[in-house]
Structures are given as structure tokens and as C-alpha cells.
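This report is written for a reader who has not met this structure before. Please look at the sequence and the structure, then read on.

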Amino acid sequence: MQSILVVEDSATMRSLITQALEDLGRPAKIDEAENGFEALRLLPRVPYALIVTDINMPDINGLELVSFVKQNDAYRRIPLIIVSTEGSERDRDRGLELGADAYLIKPFEPDQLRQVALELLDRAPAPGAEDST
Amino acid sequence: MTARRRRRTGQTKAHREFVSEAEEILERMRDELSELAEGAQEGSETDPDVVNRLFRSAHSLKGLSGMFGLEGMSELAHHLEDVLDRLRMGRAALDKQALALFDESVTLIADTLGGLEGEGARGETEEAIAALIERIDAWTHTPEPETGEMDGLGLDPTLLRALTEYEEHRLRENLRRGRRIQVVEANFEILAFEEGLAEVSGAIREVGEVLSTLPSPGEAPESQIRFSLLCATELEPAALAGRLGLEAEAVRQVGGAGPPAAAPVREAQAPRTEPDAGVAGPAAEPAPPHETLARELAEGAEAELDPAEVAAVERASLKSISDTVRVDIRKLDELMNLVGELAIQRGALKALAARLAADARTARLGVDLEKLHKGLDRKLQELQSAVLEVRMVPLRQVFDKLARVVRRLRLDMDKEVRLEISGADTELDKLIVEELADPLMHVVRNAFDHAIESGEERAAAGKAAEGLIRMEAYQRGNDVVIAVSDDGRGIDPDAVHARALAQGVAAEGIEMSRREKLDLVFAPGLSTRTEVTETSGRGVGMDVVRSNIATLGGIVDVESAVGRGTTITMTLPITLAIIQALIVSVGEDRFAIPLNSVRETLLVEPAEIQRSEGRELLNLRGEALPLRRLVEEFQLGRADREAKHYAVVLGIGDARMGLLVDELEGQQDTVIKPIQGPVRHVRGIAGATELGEQGAVLVLDVSALVEDAMRGKEAA
């Protein structure tokens, strides 16, 4: 079963994202992280098939997390979706430049998130697969 | 209160979560705003971190309300975010007007949230939101200064990639101030990096600012994680490293004042790979993530670590940092109801035990059952107080809110008033604390607006220029007392009385004591015109305060000395959720009286009752105790003035009265339930309660009864 990591500091938003992802039509285990630190602790433990993260968070922000994931050989093939409230265009562009695979603006339709998630999950490396690119 | 809880039930769980999180965000925003306001008051520089936190709060609110289709709220939060963005980016300066707009926005958003729970007219708030947005736009459209670009700063671009726009602004700002921009690199154990990182960040903040925190584990040993902290300080790199207890090469200057230290060439300092370059060779290939843990554990074992210990560290670090749980108060109500119902069952058990014990054939069984019952009773009481404990919150929540209001008023009205607070840790039921905010606000505003004189007036009266409002709370038995006092002009009882006469609120020709005259400030319908407030210092909506407090089962009193000040004292029960009640009867009818307001009970002979001006009195240890007959209170029948009665002495605060009843039937734990139907609006009835097999009885509203007795009114 594929695992998905949701990083979002708002509890309400986190459960909305999780709810949307629970209805993917395929089994997936969803881990929730309340901030970037929790995400950093979970990443080495679980071979995630998808990461969904907010940008505006305390401690380390979403861009820093994207940078960490996408510059790290162990994780950079994990597809990553930024879900953020419409705000700075520059921050959005920066997120995509850093290697985020998709960007959704809140408020998003659950269907929209599911569609993007399914697309990216199909591209995700199988757990434990060698990085051969 | 109960009505409000009922209204909430129609909503989905997600919706409730949203409201509760939004309320939390608003609470945080209020704190941040008062921090800003205080800074502005003291004339100190605006703290960028506070503005950034406010920005993030507005940003979160925008996203959340958008998800729930609340366009007005989302739009308002969006405009708020815009203004805050300008402030944090240094494109606008904080002024009084902006602060006022923020305050209004937070209040309006809070109102809108309240409206979601059915407490406001939706159309009105929407109009208000549109109007406020227009004013925010007007403020925002003041010309903004130009900002420079990041180019030409001479900084390594790889460092800047993950900076948000705001972080970039802070970097620029620090450069402008001539600070040194430095990178601190440190490795931490991946299982417990937060403490170490917090320590380093904290130490940097003592001498400067942390601009960004970038994790980069690819360059750290297997079980560790490396963080690069981009920071700005005035210290030389070596000095900063010394302060942080790090080796000199862990800190390097990358920009800003002084000659940048030559970047030490270190193995780990290899330039980061481009995300899409795909150049990582097999040699540099880190282990697939799921293998990392296994290796970590294996390494732990090699180092002769107890695997159980490693597992414990692991568990601990995966646990969230906070060990508090947020609970919907309705769940606690449900728990309380269950406890109440258990208490009723316990009552039935006790009655059964007594019956068994009274019969010689079953006496032994009865005694055993009584013992068992005693044990059960003790545990039940513990359970009850444990559940009650959970509902308790300190008054600090409300006091802090009031302190903020006073600070704002001070700013807006240019009036020197100091606020003293004591006893903020006194705890009360959460629902009571919530309902207290409005009446307390009223009282404090009255004190500020009307009671405290202008600077000139105070000087003329030989008082200190700065006025004083003191809020004090403390527990007294089963009650909590909250007193708000001021050192203002005080209330002249005769002026209030004269005003009340002129307005027909008090009747002519009735001699009134000083206390009774003073008490007229609580009379409904007393004018709020300025002449009265100017001369009396009070009288604005105090009837509403009294009725609010009465709804909570409390009582409010006023004491005042002309020229010296006024004290408003509120006495409240600690909880409304469960009460011990005294069951009394009049003829066939039974009533429950909350035991916390019962001071004592007496058997009264008819001859002991005195009459004066149509009122009945009892001489209680030298004091005249006003008496009322329960049978007359609710027109249950004719009073038998020749029979012996029990007098239940009721007291709230310092007020006392005696209620005459036929019989005392014992004590019982009860849960008050609101009444539906015609009885609901009868003054003197607080609700109903279930008494197990014996059916439901009405619960007396002691505060209403005591108030009526104090006013000497005839029963309706």
C-alpha cells in the first residue's frame, strides 16, 4: 500500500486534505505532520509515494521542506504537491523551481486534489526501488 | 448558553473544527495585535516577527474560510493579509489607523463566526465586511516606497533559493542595517534534533535574527541531520561560533558588513546538486529511506545500546510535543450528564439499602449494601470532581481580553488609566467564563468612560493623574468573586435616586436606604443620558449586566463612595454543570434548591415571624432576615400562617433571605436541565432536574429570589 505524507499546520485544513485523499479509490496510508520538523522525522522512516505540503508554516516553511526533499537523493523522486492559500506569486514560482510537482491553491476542490494525487502516485517510485535515473 | 449549544449540533464535524480553529487563530491575533499596540504606545520599533505572525494568522484564516465557502470572511482576511504583507515587507509603516482597522477586522470576523452559530444577522455582517474592506483599501492605497531587488547583493544564489519573499525581505533589511549575514551549520541526531536546533536558534536570536532554517541531511552522517541556519548578526563569525559552542568552521559569513570571511573549503561544502540534474552517482547513493531506520537500529545495537532504549527514543520522538488534547465542551457535558445520571442511580441504591436495613429479616443485607453504597458514593464524587476539573479554565482568558480593551481605549481616548489585575488564575467553568466576557467588558468600559475623571478634574480633586481600574478574582467557598473597582468620581446615591424618580423608575414617596438608592443603578430603564453618567459615573446598561450574571446563577452588587470610587462585585457559582440540591416541599409540590446558596435551615414557630410594612421578617441572631413563602411565590395555595415552617436561609454574596417551606426532604446531586414550554419564563425557576424514581422537580433560581427579596418587591 502506498503511503502519503500530509504536512500542514492547520488541523482543519489537514483533516480536509486527508479526507480528500482517503477517497482516492485505492488504498493509501496517510500520515499527518503538523509541521516541517515532524515531516523531517517521518521521511527517513516511511517510503512515501507522495508528499502534500503547505507553504506558510512556522519553524521551517514549505519551501525549505521542498528544497530538502528535492535536493536529497533519497527523497527527490517522491512527487510533491504544494497546497497553499493564494498569496505570493513569487513563493509559488519558487516552489515549482525548487522541484514541486504540482501547486494547488486553497480553496481547492477535493476532486482536484484527488486527480492530481492519482496522477502523481502513478509516477511514484515503488517502495524500495533503486534510484536508477 | 444551553440554547447556543443546541444550535451547534446541526453542523458537521469539519465545520465545528473550523469554527474552533478559527476562534483559536482570532485569539492569537488579538494577542499579537495588543503586542503591536503596546509597542506602538511605547514608541518602540515595530517587531517584524509579530507582524509576520499576524500575517500568517490572516493567511490561515483566509485559506480556512475559503474552504468553507465563507466568501465575506475570506475576502476580509485577504485584505487584512495584504496590509500585513506590506507592513512586514517594509512597504508601509504601522500607524494608529492600521491598528484600528486590524482590531475592527478581528472583531468583525469573530462576529461572523458567532453568526455561523446563529447569533447574528448574516446580511448585516456582510454589509459591515464590505464597508470595512473599503476602508482597508483606502489605507492600503497610500503610496508605498520602492523596494530594491535581490540582485547585486553578492550572495550565493543557492542559499537564497528556498527563501520566501518575506525571508528575503528580512535579509535585505538586515543588510541595510549593516549586519553580517552568516550561515551556521550544525548536525543533530535525527531522532532528537528539535531541542538542539531550538538551542542554537535561541542563542542566535540573542544576538541577531534567524532568517531561515534549511535542513540538509545529505551532507551529514547517516543518523544525523544537518541544518543550515541563515542568520544576521553584528558579531564576527568566530565570535558567533564561540557563543554557539560550535567549531569556528561551522560559521561562515556570506554577506554584509566587513570583508566576508573566505568560505572555508570543506568536504561537506560541495555545491548542492540541481534537483533535475540527476547527477548523483551510485557511490553517493544514500540508502533507500526504509533501510535507514533498520541501519540506525543496527548501529545502535553495535554501540551496545539497549534496543529497547532505542525503541523508546524512537517512540518518544514520534510523539507530538504537546500532551494536551482539545475536547469539544459538549462531550464534557455528555460526561457530566452521565455522572449526574449515575448519581441518581446511586440515590436509588441508597434508598433501597435503607429499606432493607430497616427490616429485621434483611437488615444484614441492607447494612452490607449501605457499605457498598458508601464506597460507590466516594468514587462517584471523585469522578464528578475530576470531570468538573476538566471544565475549569482560569479567568486569565477574560482578564487578558479586558486588559487589551483598556490598552486600546487608553490609546484611542488619550486617558491615563492603569489596570491592575489579581487572581487571574482563579478557575471557573469554561461556559461561565465565556458568558462573563460581555458583562465584565461592560463594567470595565463604564469605569473607563464614565467613572475615571479627566486629567484636569483629577488634578483639581488632588488625585494622581493616572486613574486606576482594579480587577480582582478569588474563590470563596463554592463561589468565585470578581470585583472591578476604580478610583474615579464615585456614585452619588441621591443623584441616582433623583434621576430614577424623574424617569418613573422609582416610585415617589417610598423611603429608600442609601443601599437601595445605589442599587437603582441596576434598575431596568434607568436613563443612559450623560447627565446621569457624568454625575453618577454609572447607570449605563447595568440592568443588562445584572440579568447576565443572574442567568449564570450569580449576583452583582455595587458599593461606592463619592469622590473616591466604585466597586462592582460579581459572585458566581464555580460550575453550572452539576449541583447538589436541597429538596424541599410545599404541600404536594417539591422543589430543588442549589445547596451552594443554602446557608442554613431553621425550624420557625409562627410567633417568631415579625411583620413590618407588609413584609415578613425573622430575627436571625440580631439581623432582620426578609422572609418569603414558597407557597405564595408561585401561587401554589394559601399560606398557613399558624403552622410551623422550615426557613431555608439563602445567600448569594452578602445578600440573605429566608424561604419558608413545609418540609425538608434531603440532599441530592442533580443536573439542571433547561425547561421547554410555558414554565421557562417564570421568574424564580432556573430549570428542572430528574430525581430518579421520584420524577422531575423544578429548580429554584436563587439569585432571582434573593434579588426580589432585597428589592422588597411583592411577588408577582
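The text below goes through chain A, the nonpolar cores, one helix of chain B and a set of hairpins.

**Chain A**

The model is predicted. Chain A holds five helices and five strands, and along its sequence they follow the pattern β-α-β-α-β-α-β-α-β-α. The five strands of chain A make an open, parallel sheet in the order β2-β1-β3-β4-β5. In chain A, β2 (28-33) and β5 (102-106) have a single partner strand each and stand at the edges, so one side of each lacks a neighbour in the sheet. From one strand to the next the twist averages 20°.

Within this sheet, strand β3 (residues 48-53) of chain A pairs with strand β4 (residues 80-85) of chain A in the parallel sense, over three bridges. Opposite A:Val52 stands A:Ile81 in β4(A). Strands of a sheet pair through backbone hydrogen bonds, in either the parallel or the antiparallel sense.

Of the 133 residues in chain A, 65% are buried. The accessible surface of chain A is about 4,900 Å², and carbon and sulfur atoms account for 44% of that surface. Counting contacts in chain A between residues at least 6 apart in sequence, 65% join residues at least 24 apart.

**Nonpolar cores**

In soluble globular proteins, nonpolar side chains tend to be buried together. Here the largest nonpolar core has 63 residues. Those with the most contacts inside this core are A:Ile17, A:Leu21, A:Ile81, A:Leu113, B:Phe18, B:Met29 and B:Leu84. Helix α2 (residues 13-42) of chain B gives the core its largest share, ten residues. Apart from neighbours within four places in sequence, B:Leu84 is in contact with B:Val51, B:Leu54, B:Phe55, B:Ala58 and B:Phe102. A second core, separate from the largest one, has 50 residues, including B:Leu395, B:Val496, B:Ala506 and B:Val545.

**Helix α21 of chain B**

B:Val545, named in the second core, belongs to helix α21 (residues 542-551) of chain B, where B:Met542, B:Val545, B:Arg546, B:Ile549 and B:Ala550 are buried. Viewed down the axis of α21(B), the buried residues fall within an arc of 130°, so they line one face of the helix. An α-helix has 3.6 residues a turn, so residues three or four places apart point the same way. In chain B, the buried residues of α21(B) pack against α16 (430-451), α19 (514-519), β10 (555-561), β11 (565-573) and α23 (702-711). Just after α21(B) comes B:Gly553, with a positive phi of about 80°.

**Hairpins of chain B**

β10(B) and β11(B), against which α21(B) packs, pair with each other in the antiparallel sense. Two further hairpins involve β15 (residues 609-612) and β16 (residues 615-620) of chain B, and β16(B) with β17 (residues 623-629) of chain B. The table sets out the three pairs.

| Hairpin | Bridges | Residues between the strands | Opposite residues | Positive phi |
|---|---|---|---|---|
| β10(B) and β11(B) | seven bridges | three residues | B:Val558 and B:Ile568 | B:Gly563, near 85° |
| β15(B) and β16(B) | four bridges | two residues | B:Ser612 and B:Arg615 | B:Glu613, about 50° |
| β16(B) and β17(B) | five bridges | two residues | B:Leu620 and B:Glu623 | B:Arg621, near 45° |

β16(B) pairs in the antiparallel sense with β15(B) and also with β17(B).

Key
Residues numbered from 1 in each chain as written. Chains lettered and ligands numbered in written order. Predicted model: local features only at pLDDT ≥ 70, side-chain atom pairs only at ≥ 80, totals over all residues. Heavy atoms only, no water. Pairing = 2+ DSSP bridges. Axes fitted to C-alpha atoms, helices over the stretch in contact; angles between N-to-C directions. Buried < 20%, exposed > 50% of the residue type's maximum accessible area, 1.4 Å probe, protein only. Contact = heavy atoms within 4.5 Å. Areas by Shrake-Rupley, 256 points an atom, 1.4 Å probe, with all protein chains shown as cover. Core = buried A, V, L, I, M, F, W, Y, C linked by side-chain atoms within 4.5 Å. Arc of directions from axis to C-beta.
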